[in-house]
Amino acid sequence: MIKVAIVDDKYINRVDRKLELEHSKKVNVVFTAQNGVEFLDTIKTFRANELPEIVLMDIDMPEKNGIETVREAKTIYPQIEFLMLTVFDEYDKIFEAIKAGASGYLLKDENTDTIINYIEQVKQFQTVPMSPSVARKALKLLSAEYNKDKKQESSNFNLTPREIEVLKGLVTGFDYKEIANSLLISPN
């Protein structure tokens with residue numbers, strides 16, 4: 001079972017998500033927290049072998065938001081993967097979260113099976129899952145930046161054609177296994 005923590009300021013979201021994930025028998029929710037401060041305080045009480053492997057992190061929370069929490073937690077616990085699970089699909093939030101150290105960005109309206117699939121992909125293949133609408137925004141932003149940088153003759157993203165094909169697969173809604181199969185490559 002994959003050890004997971006859930007951080008969300010809404011009590012009902014934490015309880016429902018925990019029940020849904022644990023029902024799968026693939027995930028063990030080791031704790032929940034209502035904000036970044038509580039998460040950081042709680043995680044300090046765990047021994048190294050008890051730590052969550054993946055944290056589902058909301059963004060907009062009182063006291064310490066998800067982006068600030070990920071930024072701080074990644075320096076202390078680099079082995080933990082953080083998946084942002086939020087209602088926001090705005091450009092600035094997406095890229096601030098990824099810059100802070102998030103391993104993926106999912107929208108809360110994803111169904112539980114999809115979220116579990118993404119959790120498994122992160123654990124097994126170290127993937128960077130994104131909801132299709134988020135991946136579409138990422139591709140648009142990268143394309144705009146690429147075209148702007150092309151004019152300036154320098155690209156900050158340095159994406160290879162193959163990486164762009166993978167991102168286009170994400171935009172279409174394929175998971176990593178489906179993208180790997182279509183491109184005849186390993187999902188790793």
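Biologist: Before we start, what do buried, exposed and partly exposed stand for here?

Modeller: We're looking at a predicted model, and these words go by relative accessible area. Under 20% is buried and over 50% is exposed. Anything in between is called partly exposed.

Biologist: Then is F46 buried, exposed or partly exposed?

Modeller: The relative accessible area of F46 is 22%. Buried needs a value under 20% and exposed one over 50%. So F46 counts as partly exposed.

Biologist: OK, zoom out for me. What pattern of helices and strands does the protein chain follow along the sequence?

Modeller: There are eight helices and five strands in the protein chain. Of its 188 residues, 44% are buried. Read along the sequence, the pattern goes β-α-β-α-β-α-β-α-β-α-α-α-α.

Biologist: Which residues have the most contacts inside the largest nonpolar core?

Modeller: That core has 25 residues. β1, β2, α2, β3, α3, β4, α4 and β5 each put in at least two of them. Separate from it is another core of 16 residues, with L56, L85, I116 and Y118 among them. Back in the largest one, the residues with the most contacts are F39, V55, M57, F82 and M84.

Biologist: Take M84, then. Which residues is M84 in contact with, leaving aside neighbours within four places in sequence?

Modeller: M84 is one of the residues with the most contacts inside the largest core. Its partners, with those close neighbours left out, are M57, D58, I59, G66, I67, V70, A97, A102, G104, Y105 and L106.

Biologist: Now helix α2. Why do its buried residues line one face of the helix?

Modeller: The buried residues in α2, which spans 36-43, are G36, F39, L40 and I43. Looking down the axis of α2, they fall within an arc of 95 degrees, so one face of the helix is lined by them. The cover over these residues includes β1, β2, β3, α3 and β4. The reason you asked for is that arc of 95 degrees.

Biologist: And which residue caps the N-terminal end of α2?

Modeller: Look for a side-chain oxygen that lies 3.0 Å from the backbone nitrogen of V37. The residue that supplies this oxygen, and caps the helix, is N35.

Biologist: How many aromatic pairs turn up, and is the pair of F31 and F39 stacked or edge-to-face?

Modeller: Searching the whole structure gives three aromatic pairs. For F31 and F39, the ring centres are 5.7 Å apart and the planes sit at 25 degrees. Planes under 30 degrees apart count as stacked, so the F31 and F39 pair is stacked.

Biologist: What about F31 and F46: how many residues apart in sequence are the parts they tie together?

Modeller: Their ring centres are 5.1 Å apart with planes at 35 degrees, so this pair is tilted. F31 lies in strand β2 and F46 in the loop between α2 and β3, so the pair ties together parts separated in sequence by 15 residues.

Biologist: Which residues form the aromatic cluster?

Modeller: F31 is buried at 9% relative accessible area, and F39 is buried at 0%. Both belong to one aromatic cluster, made up of F31, F39, F46 and F82.

Biologist: Last one: which backbone oxygen does the side chain of R14 reach?

Modeller: R14 is in helix α1 and counts as buried at 10% relative accessibility. Beyond four places in sequence, R14 touches I6, D8, D9, T32, A33 and Q34. At 2.6 Å, its side chain reaches the backbone oxygen of D8.

Key
Residues are numbered from 1 along each chain as its sequence is written. This is a predicted model: local features need pLDDT of at least 70, side-chain atom pairs count only at pLDDT 80 or more; totals for chains, interfaces and linings use all residues. Side-chain values use heavy atoms; hydrogens and water are left out. Buried means under 20% relative accessible area, exposed over 50%, partly exposed in between (1.4 Å probe, protein chains only). Helices (H or I, at least four residues) and strands (E, at least two) are DSSP runs, numbered from the N terminus. The arc is that of the directions from the helix axis to the C-beta atoms. Contact means heavy atoms within 4.5 Å. A polar contact is a pair of N or O atoms within 3.5 Å; within protein, one must be able to donate a hydrogen and the other to accept it, and residues adjacent in sequence count only if both atoms are side-chain atoms. Rings of Phe, Tyr and Trp (its six-membered ring) pair if their centres lie within 6.5 Å; planes under 30 degrees apart count as stacked, over 60 as edge-to-face and the rest as tilted. A nonpolar core is a set of buried Ala, Val, Leu, Ile, Met, Phe, Trp, Tyr and Cys residues joined through side-chain atoms within 4.5 Å.
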